[in-house]
Amino acid sequence: MDGYILVVDDDDDFRSFVAEDLESLGYEVRQAENGQVALERLEEEMPALVLLDLRLGEGDGRRVLEHIRGDAGLANTPVFVISGAADSAAGFLYDGPERIDGFFEKPLNLPRLLDRIREYVRVVA
């Protein structure tokens, strides 16, 4: 799928690190520092994939996930949860109305994440 990757994380350093790495590989990236900004980005243009921290300072990541899965135009967008808390993925399914497509624990194994991203998003030249 073509399109941008939305990186949603309230940790500025982490979000910038991930975004810069993806951009250096040719991916188009947009960033959101909280749930409200993420919702605004989602309304502007549909992403190819979302990297989502569930524990956001302003606006809960779960609310963002619920919005994605509840919107007919966004419902099939792949969502990878990235979190510093291993228990954050508890209660999520890999199918159904609150499904996630992958879970990555911080500190991030970037090569593993990139392998999974390549399954969903093409680099646009």
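Throughout this tour, a residue is called buried when its relative accessible area is under 20%, exposed when it is over 50%, and partly exposed in between, as computed with a 1.4 Å probe on protein chains only. Helices (H or I, at least four residues) and strands (E, at least two) are DSSP runs, numbered from the N terminus.

The model is predicted, so that local features need pLDDT of at least 70 and side-chain atom pairs count only at pLDDT 80 or more, while totals for chains, interfaces and linings use all residues. Residues are numbered from 1 along each chain as its sequence is written, and side-chain values use heavy atoms, with hydrogens and water left out.

**The whole chain**

Begin with a cartoon view of the protein, in which there are four helices and five strands, running β-α-β-α-β-α-β-β-α from the N terminus on. Of its 125 residues, 47% count as buried. A contact here means heavy atoms within 4.5 Å, and among contacts between residues at least 6 apart in sequence, 63% join residues at least 24 apart.

**Helix α3**

Select residues 61-70, which form helix α3, and show the side of the buried residues Gly61, Val64, Leu65, Ile68 and Arg69. These residues cover an arc of only 130° around the axis, which puts them on the same side of α3; the arc is that of the directions from the helix axis to the C-beta atoms. To see what they pack against, add α2 (35-44), β3 and β4 to the selection.

**Helix α2 and its pairing with α3**

Keep α3 on screen and turn to α2, whose buried residues are Gly35, Val37, Ala38, Leu39 and Leu42. The elements covering these residues include β1, β2 (29-32), β3 and α3. At the N-terminal end of α2, Asn34 acts as a cap, with a side-chain oxygen 3.0 Å from the backbone nitrogen of Gln36; a polar contact is a pair of N or O atoms within 3.5 Å, where, within protein, one must be able to donate a hydrogen and the other to accept it, and residues adjacent in sequence count only if both atoms are side-chain atoms.

How are α2 and α3 placed relative to each other, in angle and in distance between axes? They pack at an angle of about 20°, with their axes 9 Å apart, where axes are lines fitted to C-alpha atoms, for helices over the stretch in contact, and angles run from 0 to 180 degrees between N-to-C directions. The two helices are therefore roughly parallel to each other, a term for angles under 35 degrees, with over 145 counting as roughly antiparallel, 65 to 115 as roughly perpendicular and the rest as oblique. α2 passes α3 in a right-handed crossing, meaning that the near helix is turned clockwise from the far one by less than a right angle, whereas an anticlockwise turn would make it left-handed. To display the interface, select Gly35, Gln36, Ala38, Leu39, Leu42 and Glu43 in α2, which meet Arg63, Val64, His67 and Ile68 in α3.

**The loop between α3 and β4**

Next, select Leu74, found in the loop between α3 and β4. At 4% relative accessibility, Leu74 counts as buried, and, not counting residues up to four places away in sequence, it touches Leu42, Met46, Pro47, His67, Ile68 and Arg69. Thr77 is found in this loop between α3 and β4 as well, and its relative accessibility of 4% makes it count as buried. With the exclusion of residues up to four places away in sequence, the contacts of Thr77 include Val50, Arg99 and Asp101.

**From Phe14 to the cis peptide bond**

Move to Phe14 in helix α1, which counts as buried at 14% relative accessibility. Beyond residues up to four places away in sequence, Phe14 touches Asp9, Ile82, Lys106 and Leu108. The C-alpha atoms of Phe14 and Leu108, 94 residues apart along the chain, are separated by 9.5 Å.

From Lys106, step along the backbone to Pro107, in the loop between β5 and α4. Most peptide bonds are trans, but the bond joining Lys106 and Pro107 is cis, with omega about 0°.

**Helix α4**

Finish with residues 110-120, helix α4, where Leu110, Leu113, Leu114 and Ile117 are buried. Seen down the axis of α4, these residues fall within an arc of 100°, so they line one face of the helix. They pack against β1 (5-8), α1 (12-24), β3 (49-52), β4 (79-83) and β5 (102-105), while the face turned away from the buried side carries the exposed residues Pro111 and Glu119. Asn109 caps the N-terminal end of α4, with a side-chain oxygen 3.2 Å from the backbone nitrogen of Arg112.
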